[in-house]
Amino acid sequence: MNLSNLLKNHTALAGAIITTIFLAAVVFGPTLSPWESNTFNFGAALQPPSAQHWYGTDSLGRDVLTRVLEGARVSLLISVGGVILAMLAGVTIGLYAGYYGGWFDMTAMRVMDLLFGFPAFVLALFLMVALGFGVTNVALAIMLVYLPIFARITRNSTELVRDDPYIQAARIMGQSAPRILFRELLPNISAPILVQASVSIAFGIVIESGLSFIGLGVQPPMPSLGVIMADGQEYFRPAPWVMTMTGMTITVALLALNLLGDGLRDMADPRLKTREA
Amino acid sequence: MPAYLTYSLSRLIGALITILVGSLLVFLVIKAAPGDPALVVLGDFATPESIARFNAEQGLDDPLMVQYLHWLTGLARLDFGTSLSLAKGQSIGQMLAFRLPNTATIGIYAIIIAILISLVLGTVSAINRGGPVDAVSTSVSVLGVSMPDFWLGYMLVLGLSIGMGLFPSYGFVPVSESFIGALHSGFLPALAIAAPMAAVFSRTLRASLVENMDRDHVTVARSFGHSPSFIFIHHVFRNSIIPFIVVVGLQVRYLLGGVVIIERIFGISGVGSLMVEAAFARDYYLVQACAVVFLTIVLAVNFIVDVICSMLDPRRVR
């Protein structure tokens with residue numbers, strides 16, 4: 001998987017370009033925007049999208065685009081944070097379970113199956129009750145949702161390659177187990193893990209916005225995509241653009257991450273692509 | 001004993017153990033939660049005496065294992081205890097019995113819509129693979145999985161309800177009152193949950209149809225001069241149905257997640273909205289019960305899918 005491959009795969013390329021634009025907008029947008037995300041301007045309340053306010057304004061006269069960009073920052077950080085935690089823990093569990101097998105494998109995978117048995121929002125909701133609402137706990141909820149998936153993918157790939165000659169060679173050379181697992185084995189099974197990460201970040205944003213939307217996640221005045229939609233939902237009839245534009249932005253971001261994931265998957269496993277083409 | 005029965009039995013035992021361990025986990029996490037049920041019920045200004053009396057009444061002074069076993073034996077008899085704060089003192093079992101049919105209606109409705117859409121989309125794009133129709137339907141699928149379902153719900157309300165006045169934007173008529181009313185009032189929420197699922201279903205169906213079209217037995221059937229539609233139905237479609245059923249089963253987990261928010265948006269009194277209300281009211285017992293109910297539904301559906309697949313394809317049972 002390298003840059004020239006990426007250029008040849010149009011799906012992955014399109015995904016990568018939109019993701020980059022989105023990231024740039026989220027990082028630099030709030031600074032470049034002429035509007036402040038939290039300054040009230042009641043004279044300009046509930047204006048539909050226009051040249052000045054591309055996404056219109058909300059009930060307090062705030063520029064919705066600026067708020068969406070700042071909210072996307074929060075949502076993205078939460079999702080990426082949760083997915084990274086899930087990846088670190090899941091990959092470690094999966095590597096050891098797949099490499100050693102036996103009772104650890106059995107127990108760990110049963111626990112992962114159990115976690116996987118809870119619908120994502122039910123798990124997240126449950127965690128919110130146990131830990132309380134707020135940014136960190138939303139990230140933890142996202143982590144718990146993705147932990148079993150990363151563990152399972154890693155375990156299955158590890159099991160496939162653990163008896164390959166280069167692993168046997170490393171074992172004969174007397175390398176330590178962590179070194180074999182993380183330095184020799186992990187780089188060879190990283191493709192499906194990275195694909196999963198890009199798809200998980202996409203759905204992590206949905207979990208964040210869903211939880212915050214019903215009021216159980218990020219709490220206002222901190223903006224997040226879910227908080228802004230919850231706001232927009234209150235005056236959905238007179239001003240549907242707040243909800244519409246925010247959701248459309250999420251859809252575009254998710255589309256980009258999903259395309260990137262699909263493209264990476266094709267590149268990692270060319271067999272799949274020829275079969276589907 | 002036929003192979004699939006032995007297999008089903010072992011899957012059933014596995015599912016029961018998972019529910020058992022799951023209920024223990026749910027119980028322990030709620031116990032470890034910082035909140036105190038006594039304070040939820042009695043308020044922040046409760047006297048130490050009244051808290052002690054409450055804890056004694058509720059058996060909260062017993063050892064953890066005793067409390068868990070008490071709760072578990074209750075669960076086995078479908079006695080979920082009583083609500084702490086949301087509907088103080090009301091039987092949780094009765095609340096669930098009232099709410100479950102609504103969740104089931106929306107869920108099954110959504111699955112049916114998703115299957116219908118995906119049968120059309122998946123088949124059409126597999127037959128025209130590589131063509132413009134395939135490209136459009138694949139793009140629609142990727143778009144489908146990229147829309148947050150609750151947002152799609154609002155967009156459907158904006159277009160079909162506020163805009164065209166075809167469907168109600170809020171409220172739900174239970175099936176027990178009117179079947180047609182349930183179909184009508186449940187259409188938008190069901191469609192909102194169904195859209196992302198339809199996208200996943202049709203991609204799976206297309207992939208396995210395409211894979212089977214290239215297999216040797218299909219070429220042989222073609223050389224025998226069977227008609228394309230006969231070959232498609234008997235040789236391609238039949239072999240593609242198992243991965244499709246597996247994916248439909250797996251998506252039930254996703255569906256129930258979507259139900260939690262969709263029910264709240266559309267004002268449907270189901271188990272999902274009940275769990276959200278319970279979360280706000282810090283009704284620990286109710287949250288606990290809902291979590292176990294959701295886990296049980298997911299495991300039950302997985303079990304049924306396993307059994308169906310083992311009957312359709314004996315090779316899976318080994």
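This report describes a predicted model of two chains, A and B.

## Two helical chains

Chain A has 12 helices and zero strands. Read from the N terminus, its elements run α-α-α-α-α-α-α-α-α-α-α-α. Its C-alpha atoms fill a box of roughly 75 × 45 × 30 Å along the principal axes. Chain A has 277 residues, and 50% of them count as buried.

Chain B has 13 helices, again with zero strands. The C-alpha atoms of chain B fill a box of roughly 85 × 60 × 35 Å, also taken along the principal axes. Of its 318 residues, 38% count as buried.

## Contacts along the sequence

Take the contacts in chain A with a separation of 6 or more. Residues 24 or more positions apart account for 68% of them. For chain B, consider contacts between residues at least 6 apart in sequence. Here 71% join residues at least 24 apart.

## Where the chains meet

How many residues does each chain bring to the contact? Chain A gives 36 residues and chain B gives 42 residues. On the chain A side, five helices give two or more residues: H4 (102–117), H5 (120–131), H9 (190–213), H11 (241–268) and H12 (270–276). H11(A) gives the most, with nine residues.

What kinds of residue make up this side of chain A? They divide into 24 nonpolar, eight polar and four charged.

## The nonpolar core

The largest nonpolar core holds 156 residues. Six of them touch the most other members: Val122(A), Ala124(A), Leu125(A), Ala141(A), Met275(B) and Cys290(B). Helix H3 of chain A, residues 64–100, gives the most to this core, with 16 residues.

Look at Ala124(A) in detail. Set aside its neighbours within four places in sequence. Ala124(A) is then in contact with Ala141(A), Val145(A), Ile207(A) and Leu211(A).

## A closer look at H6 of chain B

Helix H6 of chain B covers residues 132–146, which is 15 residues. How far should H6(B) span at 1.5 Å a residue? The expected span is 21 Å, because it is 1.5 Å times one less than the number of residues. The end C-alpha atoms of H6(B) are 21 Å apart, so the model agrees with the expected span.

Which residues of H6(B) are buried? They are Ser137(B), Thr138(B), Ser141(B), Gly144(B) and Ser146(B). The buried residues of H6(B) pack against helix H5 (92–127) and helix H9 (187–213) of chain B. They also pack against H11 of chain A, the helix that gives the most residues to the side of chain A touching chain B.

Notes
Residues numbered from 1 in each chain as written. Chains lettered and ligands numbered in written order. Predicted model: local features only at pLDDT ≥ 70, side-chain atom pairs only at ≥ 80, totals over all residues. Contact = placed C-beta atoms within 7 Å. Helix = DSSP H or I, 4+ residues; strand = E, 2+ residues; numbered from the N terminus. Nonpolar A, V, L, I, M, F, W, Y, C, P; charged D, E, K, R; others polar. Buried ≥ 20, exposed ≤ 12 C-beta atoms within 10 Å, placed from the backbone. Core = buried A, V, L, I, M, F, W, Y, C linked by C-beta atoms within 7 Å.
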